[in-house]
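Colleague: Got a minute? I'd like to go through this structure with you.
Modeller: Sure, let's bring it up.

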Amino acid sequence: MRMRFDVLTLFPDMFSSPLRESILGKAIQRGLIQIRTINIRDFTLDKHQVVDDAPYGGGQGMVMKVEPIARAIESVKSQNPSARIIYLTPQGKPLSQDLARRLCTQPHLILLCGRYEGVDERVRELFVDEEISIGDYVLTGGELAAMVLIDAVSRFIPGVLGCDRSAEEDSFFNSLLEFPQYTRPFNFRGSCVPEVLVSGNHSAISVWRRKEALRRTSLRRPDLLAKTNLSEEDKRLLEEILNSRDHC
Ligand code: 4FV
């Protein structure tokens with residue numbers, strides 16, 4: 001399984017270093033993922049290479065013109081008509097672990113990065129297959145959102161996380177937040193690692209980890225807990241947590 005990401009952007013150099021480091025960098029070297037940047041400005045026909053214009057109806061800011069984007073998309077689609085076009089925008093569906101896992105089944109994604117006030121509406125109507133948001137805030141451009149998506153999706157490609165690790169064990173896998181992690185030293189300025197973690201009792205360790213994941217999720221993201229199908233054991237652990245909290 002390997003994936004190809006074609007990124008349509010006005011700032012291709014933004015992608016040079018972030019994706020070349022560490023795990024993603026190795027995955028690129030090993031050919032598990034391919035990332036190609038395409039400069040939308042290269043698809044203008046006028047000598048000033050204009051890519052944006054004032055919004056019809058007036059208002060602040062500029063809008064990205066449809067023609068250069070259309071030519072850029074058609075040039076990529078001419079090589080692979082089945083490529084799926086994703087537009088990164090705050091108006092898109094929220095990126096999640098489940099959505100990242102689903103996107104990982106697509107061999108070829110075209111990621112469209114907006115700038116200014118965004119793209120002309122006809123880009124959405126005529127070309128975009130899916131709109132995705134990385135969060136309810138406004139960025140200066142879709143490039144960082146595209147990098148976040150590439151990172152989250154690539155982790156599901158077998159081999160990217162290294163032989164023994166799979167994204168299936170992560171936070172949100174069973175839509176709970178991760179349990180606390182510790183490593184040496186055992187005692188740091190008087191703060192010690194929970195005894196159970198050095199007990200060697202693996203069933204006690206997994207119960208402790210499940211309980212701490214439930215505790216953290218119920219405290220920080222009760223919305224996630226509502227979406228989790230809790231086992232009887234989970235409900236018992238949550239009871240303990242709530243009772244212990246009452247007694248705090
Ligand atoms: C964004 C987000 C985002 C909006 C205006 C680019 C900016 C500018 N993309 N998730 N949040 N995009 O803020 O994906 O064109």
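Modeller: One term before we start: a polar contact is a pair of N or O atoms within 3.5 Å. Also, this is a predicted model.

Colleague: OK, so use that term. How far is a nitrogen atom of the ligand from a polar backbone atom of Ile134?
Modeller: The distance is 3.0 Å.

Colleague: And which backbone atoms lie by the ligand's oxygen atoms? How far off is Leu139?
Modeller: A backbone N or O atom of Leu139 lies 2.7 Å from an oxygen atom of the ligand. For Thr89, a backbone N or O atom is 3.4 Å from a ligand oxygen atom.

Colleague: How much of the ligand does the protein bury?
Modeller: The protein buries 94% of the 370 Å² that the ligand exposes when taken alone.

Colleague: Which residues around the ligand come nearest?
Modeller: There are 17 residues around the ligand. Tyr116, Ile134, Gly135, Tyr137 and Leu139 come nearest.

Colleague: New topic: the sheet. What is the strand order?
Modeller: The order is E2-E1-E6-E5-E7. Those five strands form an open sheet, and the pairing is parallel.

Colleague: Which strands stand at the edges?
Modeller: Strand E2 (33-39) and strand E7 (130-133) do. Each has a single partner strand, so one side of each is left without a neighbour in the sheet.

Colleague: How much are neighbouring strands turned against each other?
Modeller: By 35° on average, direction ignored.

Colleague: What packs on the sheet?
Modeller: Helix H2, residues 66-79. H2 touches E1, E2, E5 and E6. Its direction makes about 160° with that of E1.

Colleague: Let's do E1. How many bridges does E1 have with E2?
Modeller: Seven, and they pair in the parallel sense. In that pairing, Thr9 stands opposite Asn39 in E2.

Colleague: And how many bridges join E1 to E6?
Modeller: Five, again with the strands running parallel. Asp6 stands opposite Ile110 in E6.

Colleague: What about E5 and E6, how many bridges there?
Modeller: Five bridges, in the parallel sense. Tyr87 stands opposite Leu112 in E6.

Colleague: Is E6 buried or exposed?
Modeller: Buried: six of the six residues of E6 are, so E6 is largely enclosed by the rest of the structure.

Colleague: Which residues cover which side?
Modeller: His108, Ile110 and Leu112 are on one side of E6. Leu109, Leu111 and Cys113 are on the other.

Colleague: Why that every-other-one pattern?
Modeller: Because in a regular strand the side chains alternate between the two faces of the sheet.

Key
Residues numbered from 1 in each chain as written. Predicted model: local features only at pLDDT ≥ 70, side-chain atom pairs only at ≥ 80, totals over all residues. Heavy atoms only, no water. Pairing = 2+ DSSP bridges. Helix = DSSP H or I, 4+ residues; strand = E, 2+ residues; numbered from the N terminus. Axes fitted to C-alpha atoms, helices over the stretch in contact; angles between N-to-C directions. Contact = heavy atoms within 4.5 Å. Near = heavy atom within 4 Å. Polar contact = N/O pair within 3.5 Å; in protein donor to acceptor, adjacent residues only side chain to side chain. Areas by Shrake-Rupley, 256 points an atom, 1.4 Å probe, with all protein chains shown as cover. Buried < 20%, exposed > 50% of the residue type's maximum accessible area, 1.4 Å probe, protein only.
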